[in-house]
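Visitor: I would like a close look at one part of this model, the largest pocket, and then at what surrounds the helices that line it. Could you take me through it step by step?

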Amino acid sequence: DEVFPTFIAAQLPTGLSGLLLAAILAAAMSSLSAGTNSIAAALSTVGPSSPSPNNRELGGRPFILTSVAGCIGMGIAIIINYFMQVHNWDLVTLMERINHLFVAALGAMMLCGILFRHVNTIATLLGFFCSLAVSLMISFSGPLFDYEISYLLNR
């Protein structure tokens, strides 16, 4: 986690290190901007796509929706930073743990669709949330139990 910033600060010339830092920040800002604007666009229209009197739109307030999505993103970043400091995890390990939460839950939903002919929404959501709970207990077993279960399931 510290090799690349140390290399930039110690080995690169002053102008090049500033240019590289500006490029990294610009790439991060454009990704965040695209993500928050996509969330706002997805939330801006609720209901059918054809115009009708019952079609409720949250449109006209994209700035508010983008601001709310940005604030939620900052909150998630603060929570991730807290977990990284308290449990001495690096960002890659934490993101793998979070990724494994949803891989199993989405796998349970796919198996429901493949194996069962008639599956209703309640059964699918029940399988999703049960799988999410088990994945949560496995991925974060260190803070929950006295021992840690490998979230990679290969040790």
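Guide: Happy to; we start with the pocket, move along the helices, and finish with some individual residues.

Please keep in mind throughout that this is a predicted model. For orientation, the chain contains 6 helices and 2 strands, and its elements, read from the N terminus, follow the order α-α-β-β-α-α-α-α. Of the 155 residues in the chain, 17% are buried. Among contacts with a separation of 6 or more, 43% join residues 24 or more positions apart.

Now to the pocket itself. The largest pocket holds about 240 Å³ of space. Its lining consists of Leu 32, Ser 33, Thr 36, Ile 39, Ala 69, Gly 70, Ile 72, Gly 73, Met 74 and Ile 76. Two helices, α2 (14-44) and α3 (62-86), each contribute at least two residues to that lining. The biggest share comes from α3, which provides 6 residues. In character, the lining splits into 6 nonpolar and 4 polar residues, with no charged ones.

Since α3 gives the most to the lining, let us stay with that helix for a moment. It is made of 25 residues, and the distance from its first C-alpha to its last is 36 Å, close to the 36 Å expected at 1.5 Å a residue. The buried residues of α3 are Leu 65, Thr 66, Ala 69 and Ile 80. Of these names, Ala 69 is one you have met already, as one of the residues lining the largest pocket. The buried residues of α3 pack against α2 and also against α4 (91-115). After α3 comes Asn 88, which has a positive phi, near 55 degrees.

The other helix of the lining deserves a visit too. Leu 20 is a residue of helix α2. With a relative accessible area of 28%, Leu 20 is partly exposed, because it falls between the 20% limit for buried and the 50% limit for exposed. Leaving out residues up to four places away in sequence, Leu 20 touches Phe 4, Ile 8 and Leu 12. Take Ile 8 from that group: Leu 20 and Ile 8 are 12 residues apart in sequence, and their C-alpha atoms are 8.1 Å apart in space.

Next, follow the packing of α3 across to α4. Leu 91 sits in helix α4 and is partly exposed, with a relative accessible area of 41%. Its C-alpha atom is separated from that of Asn 81 by 8.6 Å, the two being 10 residues apart along the chain. Asn 81 falls within the range of α3, residues 62-86.

Further along α4 you reach Ala 108, which is partly exposed at 23% relative accessibility. Apart from neighbours within four places in sequence, Ala 108 is in contact with Gly 127 and Ser 131. The second of these partners, Ser 131, lies in helix α5 (residues 121-139). Ala 108 and Ser 131 are 23 residues apart along the chain, with their C-alpha atoms separated by 6.9 Å. Seen from the α5 side, Ser 131 is in contact with Ala 104, Ala 105 and Ala 108, again leaving aside neighbours within four places in sequence. At 15% relative accessibility, Ser 131 is under the 20% limit and therefore counts as buried.

Met 109 is also found in helix α4. This residue is partly exposed, at a relative accessible area of 31%. Its contacts, not counting residues up to four places away in sequence, are Thr 124 and Phe 128. Met 109 and Gly 127 are 18 residues apart in sequence, and from C-alpha to C-alpha they are 6.9 Å apart in space. Gly 127 is also one of the contacts of Ala 108.

Phe 128, touched by Met 109, makes a good last stop. The structure holds 1 aromatic pair. It is formed by Phe 128 and Phe 129, whose ring centres are 5.2 Å apart and whose planes stand at 80 degrees, so the pair is edge-to-face. Phe 128 has a relative accessibility of 13% and so counts as buried.

To retrace the route: we began at the pocket lined from α2 and α3, crossed from α3 to α4 through the packing of buried residues, and ended at the ring pair of Phe 128 and Phe 129.

Definitions and conventions:
Residues are numbered from 1 along each chain as its sequence is written. This is a predicted model: local features need pLDDT of at least 70, side-chain atom pairs count only at pLDDT 80 or more; totals for chains, interfaces and linings use all residues. Side-chain values use heavy atoms; hydrogens and water are left out. On a 1 Å grid over the protein atoms alone, a cavity is a set of points where a 1.4 Å probe fits but cannot get out, and a pocket is an open set with protein on both sides within 12 Å along at least five of seven lines; lining residues have an atom within 4 Å of a point. Grid points are joined across faces, edges and corners, and a volume is the space filled by probe spheres set on the points. Helices (H or I, at least four residues) and strands (E, at least two) are DSSP runs, numbered from the N terminus. Ala, Val, Leu, Ile, Met, Phe, Trp, Tyr, Cys and Pro count as nonpolar, Asp, Glu, Lys and Arg as charged, and the others, Gly among them, as polar. Rings of Phe, Tyr and Trp (its six-membered ring) pair if their centres lie within 6.5 Å; planes under 30 degrees apart count as stacked, over 60 as edge-to-face and the rest as tilted. Buried means under 20% relative accessible area, exposed over 50%, partly exposed in between (1.4 Å probe, protein chains only). The expected span of a helix is 1.5 Å times one less than its number of residues. Contact means heavy atoms within 4.5 Å.
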